[in-house]
Each structure stands twice: as structure tokens, then as C-alpha cells.
Amino acid sequence: MDKLLLLGDEAIAQAAIDAGLSGVYAYPGTPSTEITEYIQDSKMAKERGIRSEWCANEKTAMEAALGMSYAGKRALYCCKHVGMNVAADCFVNSAITGINGGLIYIAADDPSMHSSQNEQDSRFYADFALIPALEPSNQQEAYDMIHYGYELSERLKLPIMMRITTRMAHSRAGVTRKSEVRAQNEMSYPKDKMQYILLPAVARRQYQSLLDKQQIMVEESENSAFNKYIDGENKKLGIIACGIGYNYLMENFADRKCPYPVLKISQYPMPTKLVSKIYDECDEILILEEGQPLYERLLRGILNKGKVIKGRLDGTLPRTGELSPNAVGKALGLEVECGMPIPSLVAPRPPKLCDGCPHIDSYTALNEAMKSFPGGRVFSDIGCYTLGALPPFEAIYSTVDMGASITMAKGASEADLLPSVAVIGDSTFTHSGMTGLLDCCVDNANVTVVILDNEITGMTGSQKSSATGRLESICTGIGVDPKHIRVINPLKKYFEENVAVFKEEIGYKGVSVIIPRRECIVALNKRLKAAKKNK
């Protein structure tokens with residue numbers, strides 16, 4: 001058996017390949033991006049013909065994965081936590097349709113918001129949709145869980161969620177692969193041809209079937225190799241450690257032996273018998289879970305019998321941010337070593353746009369143009385260009401969610417906030433901005449949309465953008481007057497010319513689109529290096 005040093009993301013990707021994967025569907029989003037990239041770069045995946053191109057957004061990705069499952073093949077869907085919001089309609093309904101070929105949804109959460117606009121716990125989605133969820137405590141378990149997850153998915157005829165967090169996704173450990181690589185499923189059709197037709201009469205029947213499987217899911221959790229009760233001599237405290245929380249707990253003990261009873265949970269729904277066992281045997285309970293106190297709330301309801309239950313809700317653990325070995329150690333009353341404070345002589349270094357970034361020249365010209373419109377506002381979006389909020393630009397006034405720039409600008413314009421300008425990236429535009437632009441055209445809103453086209457999905461590592469080579473035709477097809485679709489070159493030498501274009505279109509009463517187009521400087525450097533290497 002091969003032993004590889006892998007990121008958690010890479011362990012998941014390799015496991016999926018080894019487990020007979022036929023296709024991965026995703027939109028890039030940290031900390032999930034490396035799963036798809038690993039499969040894209042895998043020689044083995046190429047030889048096996050595994051589909052691995054990026055999708056326009058998380059919704060289209062999940063629906064395509066469900067379509068591959070419909071055809072009997074094993075599929076993988078990957079997103080970061082906020083991507084689950086985009087795909088939620090399909091996610092919840094796919095629990096009711098069920099699956100044909102095995103289907104695993106990876107949700108990569110980002111506690112502490114390292115590269116995200118919120119903290120969100122995707123286990124809520126699995127609980128809400130009534131499907132099983134897996135939460136690995138280490139990279140080997142992540143690998144093994146993918147194999148088990150596909151088997152469980154095809155046995156229960158349900159999609160399975162695997163929830164990971166940033167540290168699991170982006171830390172490395174040795175992973176032992178299975179000795180045999182599973183063949184891909186043959187194509188097959190669902191036995192019930194009405195299974196995927198969610199007319200009310202069918203949906204009610206399918207939903208009842210889902211409810212009937214709940215006790216089976218609990219029994220699977222009770223008997224799962226990933227959930228285990230580890231006895232301890234000191235019964236004053238019992239510890240329930242979920243997912244990577246178990247790893248953080250063990251790091252506080254040199255011999256990885258905790259003196260307290262520990263219930264390790266890595267498969268949901270909650271194994272109620274094991275939970276009752278640790279509650280009955282111990283004086284107090286400490287719950288370690290990365291993210292929000294989902295199961296702490298649940299257990300406080302189930303176990304409200306007088307014993308103290310500690311966790312994030314009572315302040316024993318921090319209410320926000322990542323769990324960590326130090327936070328767990330403090331919760332146990334152990335002495336923990338903290339790093340030295342950052343000395344005052346170290347100046348803070350906030351993030352900034354890369355030197356040579358085309359967005360610098362775009363914002364410089366936009367700021368100059370907006371001086372002629374002192375009552376105007378610029379609504380922005382999710383991407384590298386969000387850094388336009390910081391000095392020296394301070395050019396934008398909002399960043400809420402993917403695509404919100406255009407629709408917020410539309411709503412503001414309809415409240416007579418004029419001019420209202422939207423700034424959105426090329427990849428974000430095809431992800432979630434096109435429908436907002438359609439609304440603008442239908443209502444003939446007084447909005448200027450600036451699509452910053454760097455011909456790449458820049459923020460997540462230079463993945464291919466679905467917008468490349470298509471923006472003008474998309475805007476025309478949606479209904480924008482071609483005379484008011486203006487392409488400019490964001491370079492200093494065209495500054496005066498670009499300012500004039502901004503002023504003209506911002507002053508236009510109707511829908512206008514400006515496309516500053518210049519290749520991302522990072523992607524350009526990568527391309528030139530690759531070309532030089534291949535000579």
C-alpha cells in the first residue's frame with residue numbers, strides 16, 4: 001500500500017479517485033479548492049477519464065453532480081461553506097430525490113474567517129436536510145471516510161455530506177492508500193423513473209422514505225468505526241470531541257492518553273446511546289466542536305437532567321474563531337504555552353492588490369471619475385477587488401455576497417441614490433451577476449456595472465474563468481444596449497481616456513457596462529514562466 005504525505009483536501013481527492021470517482025464538480029473557494037485541483041493535476045484521474053473542469057457556480061456544480069449520480073456514476077461535489085448557501089435548493093431537494101450512483105458533498109468551513117465573509121457551520125445543513133454527515137479528525141480518516149461514504153450513499157440511496165474545516169483541509173499528514181483501486185460504476189438508470197420528479201405527490205412519498213431512514217442512520221452512527229467511546233479513570237469530566245476537536249484534545253497529552261472518558265464523534269446523526277453512556281458515567285460534560293455549538297445545543301436539550309454541560313455556550317471555549325489545542329487545554333484547566341506577543345515595532349501589513357494588478361488602474365480611474373458625482377456610491381463584490389475598500393483606494397462601499405454588487409446598486413438606484421455603480425469580477429459575474437444584470441435591463445435601472453475582467457478566477461489561485469471571451473456577448477444577450485458596453489484597457493497611459501469613459505457611462509440614464517480588461521499579473525507571470533520552461 002502506498003503511503004503519501006497529503007493535505008486533507010488531497011487525501012479526499014485521492015480517496016475519491018481510488019473509490020471509483022467519475023466526476024468532480026466545484027467552483028473554486030478556499031479552503032476547498034485544492035480537492036478539485038488535485039484531481040485536475042492527477043495523472044491517474046486523466047487516465048481514468050474523470051471529469052474535473054470548474055463550474056460557473058456552486059449551484060450548477062451540485063446539480064451536475066446530481067445528474068452524474070442519476071446516471072449511476074459516483075460523483076463528488078466540493079465547495080466552501082458559503083457555497084452551500086448558493087447550492088442549498090439542490091442540496092435539500094436531493095435528500096428527497098435520493099441518489100443512484102454514490103454522491104458525496106464536501107463542505108469546507110472556514111472558522112476564524114481566514115478568507116471568508118462569515119463563520120458558518122455546514123453541519124446545520126446536513127441536520128436540516130436529514131442526511132448523514134461525516135467529519136474526519138485527521139487526514140487518514142478523511143481518506144477512509146470517502147470510501148465508506150460512497151458505500152453508505154449507495155446503501156442508503158442518499159447523498160452524504162463530509163464537513164471539513166480550514167486546518168483539516170490545509171495541514172499535511174501521512175495517508176495510507178487502499179491497495180485496490182475500485183473501477184468506476186457502469187452507467188445505470190434509477191429503478192423508479194419517478195424518483196427525481198418532485199411533484200407534490202412524489203415528494204411526499206420520497207420525504208416519508210427519508211424519514212423512515214432516520215433510525216437506520218442513527219444505528220449506522222452507533223456502530224460506526226469513526227465514533228468510539230474511550231474510557232478514562234477520572235469520571236469527574238466526560239469529553240465529547242467532534243471531528244478535528246478530537247485531534248486538538250489529544251495534542252494536549254504527550255502520550256495521547258486522556259485521563260477522562262472521551263466520546264469521539266466523526267459521524268452524524270448523533271449516536272444517542274454512546275452520548276447517554278458518557279453522560280451517565282461522568283459528573284460534568286465538556287463538548288469540543290469546531291464551528292458553532294450545534295450539538296452542544298442539541299445535547300443540552302437531550303441531557304437537561306441537572307449535570308453541568310460545558311462548551312462554547314457557557315464560555316468554557318471561545319464563542320467565535322477556530323478551536324485549537326491551546327483553547328482545549330485551557331478548557332481542561334491545563335497549563336498551555338502561548339506564543340510571544342507581537343512586538344510593537346512590527347508594523348501591521350494589511351493585504352493589498354499585487355503590484356501591477358489591473359484593478360489598481362481601474363480603481364484609480366473610477367475614483368477620479370466619481371469626483372464628478374459626489375453623491376454616488378460604488379457597490380462591490382467578492383474577489384481580489386474587495387481590497388479596493390482599503391487605502392489608498394477606499395473606492396467601494398459594500399461587499400456582502402457573490403453577485404450582490406449589481407442587485408444592491410439596482411435597489412439603491414431605485415431609492416434615488418444616484419449614481420449607483422456596481423463593481424464585480426469576471427468570474428463572479430458569471431457565477432451570480434448575470435441574473436442581477438437581467439433585472440437591471442428588465443427595469444431599465446439607472447445603474448453602471450463595471451466588470452473587472454482579469455481573464456481568470458484570481459482570488460482562489462488563477463483557476464479558469466467561465467467568463468473569458470464571453471462577457472460582451474453575454475451582456476448583449478441579456479439586453480444591454482451594445483453602444484453602452486465599453487471595453488477599456490486599465491493602464492496608466494490610458495488614464496485620461498478611461499476616466500472619460502467612466503464619466504460618460506456613469507452619467508448615462510439607463511443600464512451601462514464598462515469592462516476594464518487586462519490579464520491578472522500573477523496569471524501572466526505564471527504563463528510566461530511556463531512558456532519559458534517549455535521552450
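These are my notebook entries on a predicted model.

**Entry: the open sheet**

I began with a sheet. Five strands form it, and it is open. I read the strand order as 14-15-16-18-17, with parallel pairing. Such pairing runs through backbone hydrogen bonds. Which strands stand at the edges? They are strand 14 and strand 17 (485-488). Each has a single partner strand, so one side of each is left without a neighbour in the sheet. From one strand to the next, the twist averages 20°.

I then looked at one pairing. Strand 14 is joined to strand 15 (residues 420-425) by three bridges, and the two run parallel. Phe379 has Ala422 of strand 15 opposite.

**Entry: helices across the sheet**

I looked up two helices that lie on these strands. Helix 17 lies across strand 14, strand 15 and strand 16 (447-452). Its direction is at about 175° to strand 15. Helix 18 (residues 426-443) lies across strand 15, strand 16 and strand 18 (511-516). Helix 18 runs at about 150° to strand 15.

**Entry: Ser398**

Where is Ser398? I found it in the loop between strand 14 (377-379) and helix 17 (404-414). Is Ser398 buried or exposed? Its relative accessibility is 11%, and buried means under 20%, so Ser398 counts as buried. I listed its contacts, not counting residues up to four places away in sequence. They are Val378, Phe379, Ser380, Asp381 and Met408. Phe379 is the residue that stands opposite Ala422 in strand 15.

**Entry: Ser52**

I turned to another serine in a loop. Ser52 sits between helix 3 (43-47) and helix 4 (58-70). Ser52 counts as buried because its relative accessibility is 11%. Which residues does Ser52 touch, beyond those up to four places away in sequence? I found Val24, Thr36, Ile39 and Gln40. I also checked the spacing of Ser52 and Gln40. They are 12 residues apart in sequence, and their C-alpha atoms are 5.7 Å apart in space.

**Entry: nonpolar cores**

How many residues has the largest nonpolar core? I read 106. Leu76, Ile106, Ile239, Ile240 and Leu249 have the most contacts inside it. Helix 8 (residues 139-156) gives the largest share of this core, eight residues. Another core lies apart from it, with 47 residues. Tyr385, Ala412, Leu437 and Ile506 are among them.

I followed Ile106 further. Leaving aside neighbours within four places in sequence, Ile106 is in contact with Ile12, Ile35, Leu76, Tyr77, Cys78, Cys79, Ile146, Met162 and Ile164.

**Entry: helix 10 and helix 11**

I looked up how helix 10 (residues 200-212) and helix 11 (residues 214-222) meet. Their axes come within 4 Å and cross at roughly 30°. That angle makes helix 10 roughly parallel to helix 11. From helix 10, Leu210, Leu211 and Asp212 take part in the contact. They meet Gln214, Gln215, Ile216 and Met217 in helix 11. By class, the residues of this contact are four nonpolar, two polar and one charged.

**Entry: Ala331**

My last lookup was Ala331, in helix 15 (residues 325-331). Ala331 is buried, with a relative accessible area of 16%. Leaving aside neighbours within four places in sequence, Ala331 is in contact with Leu286, Thr316 and Leu317. How far apart are Ala331 and Ser462, C-alpha to C-alpha? I read 41 Å in space. In sequence, they are 131 residues apart.

Methods
Residues are numbered from 1 along each chain as its sequence is written. This is a predicted model: local features need pLDDT of at least 70, side-chain atom pairs count only at pLDDT 80 or more; totals for chains, interfaces and linings use all residues. Side-chain values use heavy atoms; hydrogens and water are left out. Buried means under 20% relative accessible area, exposed over 50%, partly exposed in between (1.4 Å probe, protein chains only). Contact means heavy atoms within 4.5 Å. A nonpolar core is a set of buried Ala, Val, Leu, Ile, Met, Phe, Trp, Tyr and Cys residues joined through side-chain atoms within 4.5 Å. Axes are lines fitted to C-alpha atoms, for helices over the stretch in contact, and angles run from 0 to 180 degrees between N-to-C directions. Angles under 35 degrees count as roughly parallel, over 145 as roughly antiparallel, 65 to 115 as roughly perpendicular and the rest as oblique. Ala, Val, Leu, Ile, Met, Phe, Trp, Tyr, Cys and Pro count as nonpolar, Asp, Glu, Lys and Arg as charged, and the others, Gly among them, as polar. Two strands pair if DSSP finds at least two bridges between them.
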